[in-house]
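Student: Could you take me through one part of this structure up close? I'd like to see how a single spot fits in with what surrounds it.

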Amino acid sequence: MKEPILVIMAAGMGSRYGGLKQIDPITQQGEIIIDFSIFDAIRAGFKRAVLIIKGEHEQDFRDVIGNRIADFIEVQYAHQELTTLPQGYTVPEGRTKPWGTTHAIWCCKDRVDAPFVVLNADDYYGPEAFVHMYRHLCQVQENGMDEYAMVGYILDNTLTDHGHVTRGVCKMEGEYLSEIVERKQIERQEGVVRYMDKGTWVDVDPNSLVSMNMWALTPAVFAQLEEDIVDFLAHEVPLDVEKSECLIPTTIGELIEKQKAKVKVYASHDTWQGVTYKEDKPQVMAALAKLKEEGKYPERLWK
């Protein structure tokens, strides 16, 4: 059996946040959110990590996190660049925005040769999620399957008080994902959770299960991702050259609809934490400090 791989998407600049939030310290000890994800992943059994970053930021990541964790887990870097595209495609004039999370994952294909879990760099998922993912990735290898998986969270527990967010809202059939729809501009309004759809506010159940982009995948996914990226470049980009994105929840949803993938869903009872806006940071810092006080993490993660 090949050891499952931890893949972390960290190439986004965080425009709403106002800087490179992936390496912004979140504890008094100087740790960042990625530290907690990697710490939880190691406890779950992961021994190898791949960070998806912009090439220009590699030294920053090595200095802030890579060198610090090198004694605890093998670390590699994959670069998500605007110019890294399937054969025959080039960057259209006027495009500067990254292509999205589907493209980010596809960019690590040369570094990943085993089943893997992929997640956001700026989200805190909690220990339970990594246990679910590691066990699942071991099981799919033992069973010789390409079955995917995700960890779901309650929508109301993933909102910020400082603006809107994007979430993949899920529907289930038994233990498996039957549909996932990417909803943008989700926010609380006078006690009601709503999202924007074509200029109209639509109510959404705050207890809905949502994806926070924690996916268990196998190398078989890379060919599927490339097919979706080609379709996106051919049909979506011409409609919005500057801002269109190819997002992994949408890609997974289309694979399910076409019966090209099965995705098992694991629910996490841990509290999600995330930094979308600078105003979110104090709350996240307080939550992680409390977890340390409760003994769920050591005072210093790497010692």
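Tutor: Sure, and one term before we start: two residues are in contact when heavy atoms of theirs lie within 4.5 Å. Keep in mind, too, that this is a predicted model.

Let's pick valine 50, which sits in strand E2 (residues 48-53). Is valine 50 buried or exposed? Buried means under 20% relative accessible area, and valine 50 has 0%, so it counts as buried. What does valine 50 touch, once residues up to four places away in sequence are left out? The list is Ile5, Leu6, Val7, Ile8, Gln76, Ala78, Cys108, Arg111 and Val112. For a sense of distance, take lysine 258, which is 208 residues from valine 50 along the chain: their C-alpha atoms are 29 Å apart.

One of those neighbours, Leu6, leads us to the inside of the model. The largest nonpolar core has 57 residues, and Leu6, Ile34, Ile38, Phe61 and Met214 are the ones with the most contacts inside it. The element that gives the most to this core is helix H1 (residues 33-44), with 7 residues. Apart from this core there is another one of 40 residues, including Phe116, Leu177, Ile229 and Cys246.

Now look at methionine 214. Skipping its neighbours within four places in sequence, methionine 214 is in contact with Val117, Val118, Leu119, Tyr125, Ala129, Phe130, Met133, Ala149, Met150 and Val151.

Back to H1, since it also packs on helix H4 (residues 127-143). Their axes are 8 Å apart and the angle is about 45°, which makes H1 oblique to H4. The crossing of H1 over H4 is right-handed. On the H1 side you'll find Ser37, Asp40, Ala41, Arg43 and Ala44, and they meet Pro127, Phe130, Val131 and Tyr134 of H4. By class, that contact has 6 nonpolar residues, 1 polar and 2 charged.

For another helix pair, try helix H5 (residues 221-235) and helix H6 (residues 248-257). Their axes come within 11 Å and cross at roughly 105°, so H5 and H6 are roughly perpendicular. Here Gln224, Leu225 and Asp228 of H5 meet Ile248, Thr251, Glu254 and Leu255 of H6. This contact splits into 3 nonpolar, 2 polar and 2 charged residues.

How many residues of H6 are buried? The count is 7 of 10, so H6 is mostly covered. The buried ones are Ile248, Pro249, Thr251, Ile252, Gly253, Leu255 and Ile256. They pack against helix H3 (101-106), E8, strand E11 (209-217), H5 and strand E12 (263-267).

Last stop: some backbone angles. Most residues other than glycine have a negative phi. Just after H6, though, glutamine 259 takes a positive phi of about 60°. Glutamine 185, in strand E8 (residues 176-189), has a positive phi of about 55° without being a glycine. Lysine 198 also has a positive phi of about 55°, and you'll find it in the loop between strand E9 (192-197) and strand E10 (200-203). As for how open these spots are, glutamine 185 is at 31% relative accessibility, so it counts as partly exposed, while lysine 198 is exposed, with a relative accessible area of 80%.

Terms used
Residues are numbered from 1 along each chain as its sequence is written. This is a predicted model: local features need pLDDT of at least 70, side-chain atom pairs count only at pLDDT 80 or more; totals for chains, interfaces and linings use all residues. Side-chain values use heavy atoms; hydrogens and water are left out. A nonpolar core is a set of buried Ala, Val, Leu, Ile, Met, Phe, Trp, Tyr and Cys residues joined through side-chain atoms within 4.5 Å. Buried means under 20% relative accessible area, exposed over 50%, partly exposed in between (1.4 Å probe, protein chains only). Helices (H or I, at least four residues) and strands (E, at least two) are DSSP runs, numbered from the N terminus. Axes are lines fitted to C-alpha atoms, for helices over the stretch in contact, and angles run from 0 to 180 degrees between N-to-C directions. Angles under 35 degrees count as roughly parallel, over 145 as roughly antiparallel, 65 to 115 as roughly perpendicular and the rest as oblique. A crossing is left-handed if the near helix is turned anticlockwise from the far one by less than a right angle, and right-handed if clockwise. Ala, Val, Leu, Ile, Met, Phe, Trp, Tyr, Cys and Pro count as nonpolar, Asp, Glu, Lys and Arg as charged, and the others, Gly among them, as polar.
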